[in-house]
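User: I am new to this structure. Please take a close look at one part of it and walk me through what is there.

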Amino acid sequence: MGIDRRAFLKIAGLSTILGLGGKAAFDILAPGELEASTNAASPGAGKRWAMAIDARLVDDKVISEATSACHRHHNVPDLDSAKEEIKWIWEEDYEHSFPGHQHEFIGDDIKHAKFLLLCNHCSNPPCCRVCPTKATWQRADGIVMMDPHRCVGCRFCMAACPFGARSFNWGDPRRVTRVPELVAKNQGFPYNKDYPTRAKGVVEKCTFCVDLLEKGEQPLCMTAANKVKKGSFTFGDLSDPESPIRSLLRKRYSLRRKFELGTNPNVFYLI
Amino acid sequence: MLDTVLKGKQGYWGWLIFLLAIMGVGLGCYLYQFQEGLRITGMSRDVSWGFYIAQFTYLVGVAASGVMVVLPYYLHDYKAFGRITILGEFLAIAAVTMCILFIFVDLGNPVRIMNVLLYPTPNSILFWDMIVLNGYLLLNLFIGWNVLSAERKGTHYPSWVKVLIYISIPWAFSIHTVTAFLYAGLPGRHYWLSAILAARFLASAFCSGPALLLLLCLIVRKVSKFDPGKEQIRTLGGIIAYAMLLNVFFFILELFTAFYSQIPGHMHSFQFLFSGLEGHGRLAPWMWTAAGFAFVAVLLLVIPATRRKEDTLAIACVSVIIATWIDKGLGLVIGGFTPNPFDRVTDYWPTTPEILITLGVWATGFFILTVLYKMAVSIKEEVGA
């Protein structure tokens, strides 16, 4: 044997001390450095991103443009199955967007209004609370993120989300390039070579286009919708009292889906 | 100890081979699911948990119910149960194993299961469920094995085992409480969002588990020279009666809150389960079957003459198992997801591969149970002879 028990314990003990000293060493030699590098992992601190959608301006064209801009950028496949459907943003009527709100005397304008639903990026998200692997978590700016590379596919977050905002890859989403019936519906998939496609067995959802926000751009659904109807979508920082979204929410009456559950949704519907 | 498992009559081996065959079919279907993903099941975007998670929930109850023989013996010094505590503990081992397997087959990404340990997340109830279930499995393995091997040697089990036994008693309650918390803390799922859910779970566990144990005792008496005992079976009958009454009572409490308050969200799941909603009523015949069996069970259990007679008691036990299984192994999960967050109804029904995988897991559990019971019974026979 090259090393006896005594020598081994000595080395093991010393390396433990050095190991424990790792953070302390940083504090002494390069104060602030370590903290800076940990902060970089929680960008957007102090902000609270939110979206306001003007129900009066949303029409079929807005819906189709916004939905397709989102789904094409994020490589969301059309699986031609209600059971397996994956959607990040989608159309819903008033009655089913706001269950319990409708009544028989409501005006036709609201009754037949179309709403675009997406992840509410709740300030108090139950999905993040229940995830057993931190595969879904909340950034400092409130965006609820989803890491499809860590997700074990337990679908606890889908049970926890009261908004049906989460989709599961029941099968391999990339099969739309192989299965003949699906190929026609998904010409050119993956549409965006710079955005990862997902694997089977993981959950996915809207990310408020966090990749674009970091480049100083705006969420794609909003850009696409505003090209059709200017002002139909407003995106901004709720923590800034001077932001356009704040002044809009001061001026117009807005609804939030299932606010009574206390998740504090950050998508507002202007009526 | 394991030597006893390797010696058996033809019936024993035949039964094991039968179970192995079902396990094989289940495994084959699982490999298919592993390849294709969970799309081969009946689950959907709206009913995102199904048969697997429902079986898991039911079996956590069966596992927890082992405490119904352990507690009277160790805390109340009710000597008669000393004869059958091992049967309760071994039933718990088989049930927890099935629970873990059901969670495993339900995962979209089973190869990543270790992420739960690599990124421990105490705010997730699933994290705690993993801890209590695995802990309960280990406790029962250690306790069962040590107590049984001491019995074989004619000695007293080591004193540290006693500590584990005392820990295992509250632990049994914890596994089903934590499992109820998986459901009872989710906003927007009215059927589950109820403070009484954990209590209801425990009540249904403490009638269905002992009912299964009682039937197993009757089988053991038939196929071996070991008699679990008349008094033991009679006491179990009493436990089942009280627990089943509590279970039914708690369910009626839920009904009262929903239908006297008339809050639509609270009524919808019950309406869907018992009469159908928006034309979807596939579960209604099942739920009424459960109600019928529950009624029969309560009747047979409450009337002293039928409770004390072993054949009517056995019928009561079968009724309890059917009623609680439909309630928890079918209605609870599907009802909780219906209607969906948009107030729409999506049908769910398990597919054939899904049912075969489920049967495979049950067969695995019964395989483990058979082997463990063979061991326990052989040693009881040996000591008794």
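Analyst: Gly276(B) takes a positive phi of about 90 degrees, just after H10(B). The model is predicted. Helix H10 of chain B spans residues 264–274. Which of its residues are buried? They are His268(B), Ser269(B), Phe270(B), Phe272(B) and Leu273(B). Other helices of chain B help to cover them. Among the covering elements are helix H9 (230–261), helix H11 (284–302) and helix H13 (310–336).

Now to another helix of chain B. Met23(B) sits in helix H1, residues 10–36. Is Met23(B) buried or partly exposed? It has 19 C-beta neighbours inside 10 Å, and a residue needs 20 or more to be buried. Met23(B) therefore counts as partly exposed. Leaving aside residues up to four places away in sequence, Met23(B) touches Gly360(B), Ala363(B), Thr364(B) and Phe367(B). Ile357(B) is 334 residues from Met23(B) along the chain, yet their C-alpha atoms are separated by 8.2 Å.

Chain A offers a sheet. Four strands form an open sheet with mixed pairing, in the order S8-S1-S10-S9. Strand S8 (233–237) and strand S9 (254–255) of chain A stand at the edges. Each has a single partner strand, so one side of each lacks a neighbour in the sheet. S8(A) pairs with strand S1 (residues 49–54) of chain A in the antiparallel sense, over five bridges. Within S8(A), Thr234(A) stands opposite Ala52(A). Helix H10 (residues 220–228) of chain A packs on this sheet, touching S1 and S8 of chain A. Its direction makes about 140 degrees with that of S8(A).

Technical notes
Residues numbered from 1 in each chain as written. Chains lettered and ligands numbered in written order. Predicted model: local features only at pLDDT ≥ 70, side-chain atom pairs only at ≥ 80, totals over all residues. Helix = DSSP H or I, 4+ residues; strand = E, 2+ residues; numbered from the N terminus. Buried ≥ 20, exposed ≤ 12 C-beta atoms within 10 Å, placed from the backbone. Contact = placed C-beta atoms within 7 Å. Pairing = 2+ DSSP bridges. Axes fitted to C-alpha atoms, helices over the stretch in contact; angles between N-to-C directions.
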